[in-house]
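The following exercises are to be worked with the sequence and the coordinates at hand. Each task is followed by a solution in steps.

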Amino acid sequence: MNYRDVKVQLAGFLVVGVFSLCLAGTTMAQGKPTGAGPPPNNNPNLDDRIRQADESRLRTAEMDVGTDEKNQKLLQAAIANMKEDFSRIQVLRNDIARNLVARKPLDYKLVSEQTTEINRRASRLNVYMRARVPADQKQDNSPELKSAEMIGALVKLCTLIDSFTENPALKNAATIDSKELAKAKENKANAHRDLLAIIKLSASLQKKSEDLRTPQ
């Protein structure tokens, strides 16, 4: 059963519940048969108060269903963004690798555009993944890239993207066996490490390629 079916059924149950309350309120307003307990309440405002209370319950129920629907839409949008970023990073990685294998001279303008997009999309992925450097590991404070290191750094970036996108923690998260929890935690830690390294290295490559671009 999908979410829409559940939502429709929930709304149906809420309406039935409110209808039952209305029916009970009407019965209360009519009072009991003669001789069966105290006399009925003849307050002319009673029906209005009951109706207002029931309408308030119904509005609250509708707001709850609306909130669930909004949350579901936000979740679906987040998943769509993650899938797009995940796929696009791989496409960019393949473009970089193709040019490296062909031994083409580095087009620093193109490299800048590619690494800028990789950095932006990896950073957005991290908004959801919340990767952090473990407390027992030191921050990587590597010096600024040199011109001669650009090709090696691009190769490393491609390798990091491969490691990240092929990580079982991102592919098999829903099918982890309880006996494999330790390995799953290790895979997750590796995915976080790779993502943070991609963000840092892509930023360094973007900065250096900007510096090396031929003035237009």
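**Exercise 1.** Which residues does S202 touch, not counting residues up to four places away in sequence?

*Solution.* The model under study is a predicted one.
Step 1. Locate the residue: S202 belongs to helix 6, which covers residues 181-212.
Step 2. Apply the sequence filter, leaving out residues up to four places away; the partners of S202 are then T115, I118, N119 and L157.
Step 3. Examine the polar partner of the side chain. The S202 side chain lies 2.7 Å from the backbone oxygen of I198, and the cut-off for a polar contact is 3.5 Å.
Step 4. Assign the exposure class. S202 is classed as buried because its relative accessibility is 0%, the limit being under 20%.

**Exercise 2.** Describe the aromatic pairing in the structure and classify the geometry and exposure of the rings involved.

*Solution.*
Step 1. Count the pairs: the structure contains one aromatic pair.
Step 2. Identify and classify it. F86 and F164 are the partners, with ring centres 6.0 Å apart and an angle of 55° between the planes, and the pair is tilted. The angle fits this class because stacked planes are under 30 degrees apart and edge-to-face planes over 60.
Step 3. Place the partners in the chain. F86 sits in helix 2 and F164 in helix 4, so the pair joins distant parts of the chain, 78 residues apart.
Step 4. Compare accessibility. F164 is buried, given its relative accessible area of 2%, whereas F86, at 22% relative accessibility, counts as partly exposed.

**Exercise 3.** Characterise the second largest pocket by volume, lining and chemical character.

*Solution.*
Step 1. Volume: the second largest pocket holds about 230 Å³ of space.
Step 2. Lining: 11 residues line this pocket, and those closest to its centre are M82, F86, L125, L170 and K171. F86 is thus listed here and is also a partner in the aromatic pair.
Step 3. Origin: at least two lining residues come from each of helix 2 (46-101), helix 3 (108-129), helix 4 (150-165) and helix 5 (168-171).
Step 4. Character: the lining comprises eight nonpolar residues, one polar residue and two charged residues.

**Exercise 4.** Summarise the architecture of the protein as a whole.

*Solution.*
Step 1. Elements: the protein has six helices and zero strands, in the order α-α-α-α-α-α from the N terminus.
Step 2. Burial: of its 216 residues, 25% are buried.
Step 3. Contact range: among contacts with a separation of 6 or more, 84% involve residues 24 or more positions apart.

Definitions and conventions. Residues are numbered from 1 along each chain as its sequence is written. This is a predicted model: local features need pLDDT of at least 70, side-chain atom pairs count only at pLDDT 80 or more; totals for chains, interfaces and linings use all residues. Side-chain values use heavy atoms; hydrogens and water are left out. Helices (H or I, at least four residues) and strands (E, at least two) are DSSP runs, numbered from the N terminus. Buried means under 20% relative accessible area, exposed over 50%, partly exposed in between (1.4 Å probe, protein chains only). A polar contact is a pair of N or O atoms within 3.5 Å; within protein, one must be able to donate a hydrogen and the other to accept it, and residues adjacent in sequence count only if both atoms are side-chain atoms. Contact means heavy atoms within 4.5 Å. On a 1 Å grid over the protein atoms alone, a cavity is a set of points where a 1.4 Å probe fits but cannot get out, and a pocket is an open set with protein on both sides within 12 Å along at least five of seven lines; lining residues have an atom within 4 Å of a point. Grid points are joined across faces, edges and corners, and a volume is the space filled by probe spheres set on the points. Ala, Val, Leu, Ile, Met, Phe, Trp, Tyr, Cys and Pro count as nonpolar, Asp, Glu, Lys and Arg as charged, and the others, Gly among them, as polar. Rings of Phe, Tyr and Trp (its six-membered ring) pair if their centres lie within 6.5 Å; planes under 30 degrees apart count as stacked, over 60 as edge-to-face and the rest as tilted.
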